[in-house]
Amino acid sequence: FRAEPARSWVMPLHGGLPTDDQKKVFKQAPAGVRKVVISTNVAETAVTINDIGYVVDTCRMKEMRYDAIRCMSSLDDTVVSRTNARQRRG
C-alpha cells in the first residue's frame, strides 16, 4: 500500500502467501480506489471480503492427480465441479 492512494489496488490471495500479506486484502480501500483481488481457490471456503462488489470466477483449479501407470503425482488444471462452483459463489 502506498502513501498516496493509487486508482486501483491489485492484490494476490493464495495459500503460499505469508499471513501478513493475506491479511492485506481485508483492509478497506480509500475512497475512489478500486480493490482487485486475484485469488486461487483458497478463497473458496470461509473467506468474506466485505468491500468486494464483483467476483469473476474462471471455474478452474489445480488438483492433485495420481497416474498409476507412471507411478507419479502431478497438479493438473481442471474445471471445478458444480458443487465447488456453488461453494465459491457463497
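1. Let's start with a term: a salt bridge here is a side-chain nitrogen of Lys or Arg within 4 Å of a carboxyl oxygen of Asp or Glu. Lys-24 and Asp-21 form such a pair, and their closest N and O atoms are 3.4 Å apart. Please keep in mind throughout that this is a predicted model.

2. How exposed are the two partners? Lys-24 counts as partly exposed because its relative accessibility is 33%. Asp-21 falls in the partly exposed class too, with a relative accessibility of 30%. The general idea behind such pairs is a familiar one: side chains of opposite charge can pair when their charged atoms come close.

3. Now for the overall fold. The chain has 2 helices and 4 strands, and along the sequence these elements follow the pattern β-α-β-β-β-α. Of its 90 residues, 17% count as buried. Among contacts with a separation of 6 or more, 42% come from residues 24 or more positions apart.

4. A word on the surface. About 7,400 Å² of the chain is exposed, and carbon and sulfur atoms supply 52% of that area.

5. How many salt bridges does the structure hold? The count is 5. Besides the pair already described, one of them joins Lys-35 to Asp-51, with 2.7 Å from N to O. This pair links distant parts of the chain: Lys-35 sits in strand S2 (residues 34-39), while Asp-51 belongs to the loop between S2 and strand S3 (60-67), and the two are 16 residues apart.

6. Is Lys-35 buried or exposed? Its relative accessibility is 11%, so Lys-35 counts as buried; the cut-off for that class is under 20%. Its partner Asp-51, at 27%, counts as partly exposed.

7. Lys-35 deserves a second look for its surroundings. A polar atom of the Lys-35 side chain lies 2.6 Å from the backbone oxygen of Val-25. The Lys-35 side chain also makes a polar contact with the side chain of Asp-51, at 2.7 Å. Leaving out residues up to four places away in sequence, Lys-35 touches Trp-9, Met-11, Val-25, Phe-26, Lys-27, Ala-29, Ile-49, Asp-51 and Ile-52. If you are viewing the model, Val-25 and Asp-51 are handy places to begin, as they appear in that contact list.

8. Another salt bridge involves Arg-70 and Asp-67, whose side chains meet with an N to O distance of 3.6 Å. Arg-70 is classed as exposed because its relative accessibility is 63%, and the cut-off for that class is over 50%. Asp-67, in contrast, is partly exposed, with a relative accessible area of 27%.

9. Next, the pairing of S3 with strand S4 (residues 72-79). The two strands run in the antiparallel sense and pair over 8 bridges. Within this pairing, Met-64 stands opposite Leu-75 in S4. The hairpin has 4 residues between the strands, and Cys-71 takes a positive phi near 55° there.

10. Thr-78 gives a close view of S4, the strand in which it is found. Which class does Thr-78 belong to, buried or exposed? With a relative accessible area of 10%, Thr-78 is buried. Setting aside neighbours within four places in sequence, Thr-78 is in contact with Cys-59, Arg-60, Met-61, Glu-63 and Arg-65.

11. Finally, the cysteines. How many disulfides does the structure hold? The count is 0. Cys-59 is placed in the loop between S2 and S3, and its phi is near 60°, a positive value in a residue other than glycine. At 29% relative accessibility, Cys-59 counts as partly exposed. Cys-71 lies in the loop between S3 and S4; its phi is also positive, at about 55°, although Cys-71 is not a glycine. Cys-71 is exposed, with a relative accessible area of 60%.

Key:
Residues numbered from 1 in each chain as written. Predicted model: local features only at pLDDT ≥ 70, side-chain atom pairs only at ≥ 80, totals over all residues. Heavy atoms only, no water. Buried < 20%, exposed > 50% of the residue type's maximum accessible area, 1.4 Å probe, protein only. Pairing = 2+ DSSP bridges. Contact = heavy atoms within 4.5 Å. Areas by Shrake-Rupley, 256 points an atom, 1.4 Å probe, with all protein chains shown as cover. Disulfide = S-S within 2.5 Å. Polar contact = N/O pair within 3.5 Å; in protein donor to acceptor, adjacent residues only side chain to side chain.
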